[in-house]
Amino acid sequence: GAMALLKSAEDGALSTDIEFDAGEALRSCRFDDVRMLAGQVLPPETTRDGKPLPTIAELMTLTGDATRGRGVFFSEERSQCYQCHVVGNEGRRVGPDLSAIGAKFGKEGLLESILNPSAAIAHEYVVWVVETRNGDLLTGHLRKDTPDGIELVDSTGAAITVPAANITDRYQSDMSLMPNGLAAGMTAQELADVVAFLASQK
C-alpha cells in the first residue's frame, strides 16, 4: 500500500524509475497523513511554474514584496501557510506562531526553514508516529501523554486520542509535520515575497 511505498522511499529502496510517478500519486492521496509523509519523503523539485527550484543563494538575490507575500501566505491556491501557522490573529495553530518570526530569523534563515523544515524542529513540535492494534499509523505533535493514553494534534489541527491499550508502538520522527516541497505551490518570486512578509513580522 501507500505506507509501504513511502517506507521504501524513506529507506532509499524505491526504484528510481517509479519514484516520480509514486511521488505524484502519493502527494495527491485523499488521506492527509499519506499526503504529508509523501511531501516529506518524495518532495517535488520544481516551483509552481514548472521551473527548477533555485538555490537559496539565488533566491537571496530576489527582492520580495511583503504585501504580495501576505496574499500568498494566506492563499489556498499557493502556499497555504495559514493552514498551520498564525500571524497576528489569522491562521491555524498547528505549527509555531509566526507573528514575530522576523525578529528571530533573517531572510536566509527563513528560506532554509521553508525549504528544509525538518532541519531544526522545536521540542514541542517534534512529530510522533503511533502504530495501533488495528493497523493504523498516526502522526502528529504529542499534546497529552498519560498512563491512560495519548493525544496527538495532526497536520490539520485535529486532536486524536489514542487509548494506551490500543498502542503497539510509538516513536519520534526525524521529519517535521511541515512538509518539504512547499515551493511547488509557489513561483520563486512568490517564495521571495512570502519571505519578505515573514521578515516584516517583528
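**Exercise 1. The α1/α3 crossing**

Work out which hand the crossing of α1 and α3 has in this predicted model, and then describe how the two helices pack.

*Solution.* Start with the hand: α1 and α3 cross in a left-handed way. Next comes the geometry. Two packed helices are described by the angle between their axes and the distance between the axes. For α1 (residues 2-10) and α3 (residues 32-41), the angle is about 20° and the axes lie 10 Å apart. That makes the pair roughly parallel, because angles under 35 degrees fall in that class.

**Exercise 2. Who touches whom?**

Find which residues of α1 meet which residues of α3, and sort them into nonpolar, polar and charged.

*Solution.* On the α1 side, pick out A2, M3, L6, A9 and E10. Their partners in α3 are D33, V34, L37, A38 and V41. Now sort them: eight are nonpolar, none is polar and two are charged.

**Exercise 3. A salt bridge from α7 to a loop**

How many salt bridges does a search of the whole structure find? Take the one between E190 and R48 and say where each partner sits.

*Solution.* The search turns up eight. In the E190–R48 bridge, the closest N and O atoms are 3.0 Å apart. Place the partners next: E190 belongs to helix α7 (residues 188-199), while R48 is in the loop between α3 and α4 (56-59), so the bridge links parts 142 residues apart in sequence. Finish with accessibility. E190 has 13% relative accessibility, so it is buried, whereas R48, at 37%, is partly exposed.

**Exercise 4. A second bridge to α7**

Is D193 buried or exposed, and what does its salt bridge with R68 tie together?

*Solution.* First the contact: the closest N and O atoms of R68 and D193 are 2.9 Å apart. R68 is in helix α5 (residues 66-73) and D193 is in helix α7, so this pair joins parts 125 residues apart in sequence. As for accessibility, D193 comes out at 2%, which means buried. R68 has a relative accessible area of 44% and is partly exposed.

**Exercise 5. R93 and D97**

Give the closest N and O separation for the D97–R93 salt bridge, then classify R93 and D97 by accessibility.

*Solution.* The closest N and O atoms are 3.2 Å apart. R93 reaches 58% relative accessibility; the cut-off for exposed is over 50%, so R93 counts as exposed. D97, at 38%, is partly exposed.

Technical notes
Residues are numbered from 1 along each chain as its sequence is written. This is a predicted model: local features need pLDDT of at least 70, side-chain atom pairs count only at pLDDT 80 or more; totals for chains, interfaces and linings use all residues. Side-chain values use heavy atoms; hydrogens and water are left out. Axes are lines fitted to C-alpha atoms, for helices over the stretch in contact, and angles run from 0 to 180 degrees between N-to-C directions. Helices (H or I, at least four residues) and strands (E, at least two) are DSSP runs, numbered from the N terminus. Angles under 35 degrees count as roughly parallel, over 145 as roughly antiparallel, 65 to 115 as roughly perpendicular and the rest as oblique. A crossing is left-handed if the near helix is turned anticlockwise from the far one by less than a right angle, and right-handed if clockwise. Contact means heavy atoms within 4.5 Å. Ala, Val, Leu, Ile, Met, Phe, Trp, Tyr, Cys and Pro count as nonpolar, Asp, Glu, Lys and Arg as charged, and the others, Gly among them, as polar. A salt bridge is a side-chain nitrogen of Lys or Arg within 4 Å of a carboxyl oxygen of Asp or Glu. Buried means under 20% relative accessible area, exposed over 50%, partly exposed in between (1.4 Å probe, protein chains only).
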